[in-house]
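Q: I'd like a close look at how some of the helices in this protein sit against their surroundings. Could you walk me through it, starting from one helix pair?

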Amino acid sequence: MSSVPRLVIAAPSSGSGKTTVATGLMAAFAARGLAVSPHKVGPDYIDPGYHALATGRVGRNLDAYLCGPELIGPLFAHGASGCDIAVVEGVMGLFDGAAGEGELASTAHVAKLLRAPVVLVVDASSQSRSVAALVHGFASWDPEVRVAGVILNKVASDRHEELLREALDAAGVPVLGALRRVRQVDTPSRHLGLVPVAERRGAAVEAVAAMAAQVADGCDLAALEALARTAGAVPGGSAPWTPVLPIHDHQTRSAEKRAPLVAVAGGEAFTFSYAEHTELLTAAGAEVVTFDPLRDESLPEGTAGLVVGGGFPEVYAAELSANDPLRKAVAALAERGAPVAAECAGLLYLCRELDGLPMCGVLDATARMSERLTLGYRDAVAVSDSVLARTGTRMRGHEFHRTVVEPGAGATPAWGVRAADRRLEGFVQQSVHASYLHTHWASAPGVARRFVERCRTS
C-alpha cells in the first residue's frame with residue numbers, strides 16, 4: 001500500500017481553495033477511470049462527505065493528534081487499498097498544527113509521514129509578482145516538505161495569469177494549474193463551516209461536478225498524476241491498519257455469541273462519524289444499523305446499544321423534538337441499562353431540552369446555542385468507569401461547537417480534560433457515556449470492543 005501514488009493538497013492559509021481543488025481533482029481523476037482514495041488531514045467531518053461524492057469511496061481522516069503519528073501510514077494504507085491514486089486534502093495553512101505542539105497534526109507533518117509531494121493552492125486574487133515570494137517561502141521553510149507544484153486560484157484574467165506565471169518562473173516551483181473565479185463552485189457555510197452533503201445532496205452533487213469541470217479545465221491532470229507517482233515509500237512499509245484485533249480464547253468464545261445490534265444515528269442531523277468506528281464495531285462482533293432520528297419513530301428492532309455521534313441537532317431541534325416516539329424510545333433504552341455512547345451532537349440530543357425544545361431527557365441537563373466558538377484538541381483521561389473506557393484510560397479528543405450544556409459535567413463526569421484550563425466534562429450514568437469530545441477510536445480500538453461486550457451483556 002505504501003506504493004499508492006499520492007498528492008497532498010495544501011495552502012498558505014484557510015480560505016485559499018483547498019477543498020475546491022482537492023475535491024475537484026478527486027472527481028476529475030475518477031472521471032478518467034482512476035480509483036481514487038480520498039483523505040482529509042485533521043478532525044474535519046464535513047469535507048470527507050464531499051470527497052466521497054467525488055470518488056464513490058468513503059472519505060477518511062488522517063489526524064496525527066487524535067490517532068498519533070504512528071497510525072497515519074497504516075490508516076492511509078487501509079483507506080487506499082485497491083486504489084490507483086490518493087488525494088489528501090490538508091487543513092488550515094500548510095504548517096499550522098495543534099496549538100503549542102509545533103508541527104504535530106499539520107498538513108506538513110502528515111505529508112512528511114506519507115512522503116508525499118505537496119501541491120500548494122494559492123489565492124492569487126490580490127497579488128501578482130508577490131506570489132513568487134510567498135511560494136518561495138513555503139517551499140524553502142522545511143526542506144523535508146516537498147512543495148512540488150502550485151495551483152493558482154481565483155485568477156482574474158488571462159493577463160493576470162500571465163503575470164503570475166512569469167513571477168513564479170523564478171521560484172523554481174512549477175505551476176500545475178490556474179483556476180478562474182466560478183460562482184457555482186462555492187458551497188454554502190454556516191456557524192461550523194460547510195453545510196454537510198447529507199443536507200444538500202442534489203446541490204452538493206452539482207457543486208462537485210462544477211469543481212471537477214473547473215479543475216479539469218484549469219489544471220494539468222497528466223502532470224499532477226505523474227507527480228503523485230513520485231511519492232516515496234512510507235517509512236516502515238506501513239502495513240494497513242485493520243479493525244480486527246487479536247483476541248484470547250475466552251474472548252473468541254464470547255464472540256461466537258449473538259451479534260448485538262448497535263443502532264447508529266445518521267441522517268441530516270447526525271453526519272459526523274469516522275468510518276473506522278463502524279468498522280471497529282463490526283469487527284468486535286456487532287451488527288451495525290443506521291437510523292434517522294428526524295424520520296424514524298422507533299429504534300431498529302432488537303437494538304442492544306446506541307451510538308449518537310456529532311452533527312447539527314441545533315439546526316433541526318424542532319424536527320427532533322417533534323419526533324416524540326423516538327425520543328421516548330431512546331429514553332427507555334437508556335433507562336433499561338443498554339449502552340449509549342454520545343458525542344457532541346449526541347450529548348445535546350440526550351439533554352432535557354435544546355434551545356427550549358424537549359429532547360430525550362436522558363441527562364438532567366439543558367443545551368443552548370452560544371455566540372462563543374469552542375474549538376481545539378484536548379487531552380483527556382477517563383475519570384469514571386463507563387461503557388467506553390475504564391477509569392484512567394487516556395484519549396485525545398477534539399471539541400468543535402457553538403453550544404453550551406449546563407451543567408457541563410454530571411455527578412459522575414466522563415473526562416478530565418486538559419485544555420487552556422483543567423476541567424471535568426461529560427456524563428456517565430448507568431450505561432450512558434455522553435461528552436462534547438469527538439474521539440477517534442482507531443487510537444484506542446478497545447473502546448469499540450468494550451462497548452460491544454456491554455451490549456451483549458446488558
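Which residues in α5 meet which residues in α6?

A: Happy to help, and please keep in mind that this is a predicted model. On the α5 side the residues are Val131, Ala132 and Val135, and they meet Leu164, Ala167 and Leu168 of α6. Sorted by class, this contact of α5 with α6 has six nonpolar residues, with no polar and no charged ones.

Now for the geometry of that pair. Helix α5 covers residues 130-141 and helix α6 covers residues 158-169; the two pack at an angle of about 45°, and their axes are 8 Å apart. An angle of 35 to 65 degrees falls outside the parallel and perpendicular ranges, so α5 is oblique to α6. The crossing in which α5 passes α6 is right-handed.

A second pair is worth setting beside this one. Helix α3 (residues 72-80) packs with helix α4 (residues 107-114) at an angle of about 75°, and here the axes are 9 Å apart. Angles of 65 to 115 degrees count as roughly perpendicular, and α3 and α4 are therefore roughly perpendicular to each other. From α3, the residues Ile72, Gly73 and Phe76 meet Val110, Leu113 and Leu114 of α4. By class, the contact of α3 with α4 divides into five nonpolar residues, one polar and no charged.

Let's stay with α4 and its surroundings. Seven of its eight residues are buried, so α4 is largely enclosed by the rest of the structure. The buried ones are Thr107, Ala108, His109, Val110, Ala111, Lys112 and Leu114. What do they pack against? The partners of these buried residues are the strands β1 (6-10), β2 (36-41), β3 (60-62), β4 (85-89) and β5, together with helix α3.

Following the chain out of α4, you come to Arg115, whose phi is positive, near 50°. That is a positive value in a residue other than glycine. Arg115 is found in the loop between α4 and β5 (118-123). Its relative accessibility is 46%, so Arg115 counts as partly exposed.

Lys154 also has a positive phi without being glycine, with a value near 60°. Lys154, however, is found in a strand, β6 (residues 147-155). Because its relative accessibility is 22%, Lys154 counts as partly exposed.

Two further helices are followed by a glycine with positive phi. In helix α2 (residues 47-55), the buried residues are Asp47, Pro48, Tyr50, His51, Ala54 and Thr55. They are on the same side of α2, because the arc they cover around the axis is only 155°. After α2 comes Gly56, with a positive phi near 75°. In helix α10 (residues 275-283), Ala275, Glu276, His277, Leu280 and Leu281 are buried. Gly285, just after α10, takes a positive phi of about 110°.

One last backbone detail to look for is a cis peptide bond, from Glu406 to Pro407, with omega near -5°. Pro407 lies in the loop between β17 (394-406) and β18 (415-418).

Definitions and conventions
Residues are numbered from 1 along each chain as its sequence is written. This is a predicted model: local features need pLDDT of at least 70, side-chain atom pairs count only at pLDDT 80 or more; totals for chains, interfaces and linings use all residues. Side-chain values use heavy atoms; hydrogens and water are left out. Buried means under 20% relative accessible area, exposed over 50%, partly exposed in between (1.4 Å probe, protein chains only). Helices (H or I, at least four residues) and strands (E, at least two) are DSSP runs, numbered from the N terminus. The arc is that of the directions from the helix axis to the C-beta atoms. Axes are lines fitted to C-alpha atoms, for helices over the stretch in contact, and angles run from 0 to 180 degrees between N-to-C directions. Angles under 35 degrees count as roughly parallel, over 145 as roughly antiparallel, 65 to 115 as roughly perpendicular and the rest as oblique. A crossing is left-handed if the near helix is turned anticlockwise from the far one by less than a right angle, and right-handed if clockwise. Contact means heavy atoms within 4.5 Å. Ala, Val, Leu, Ile, Met, Phe, Trp, Tyr, Cys and Pro count as nonpolar, Asp, Glu, Lys and Arg as charged, and the others, Gly among them, as polar.
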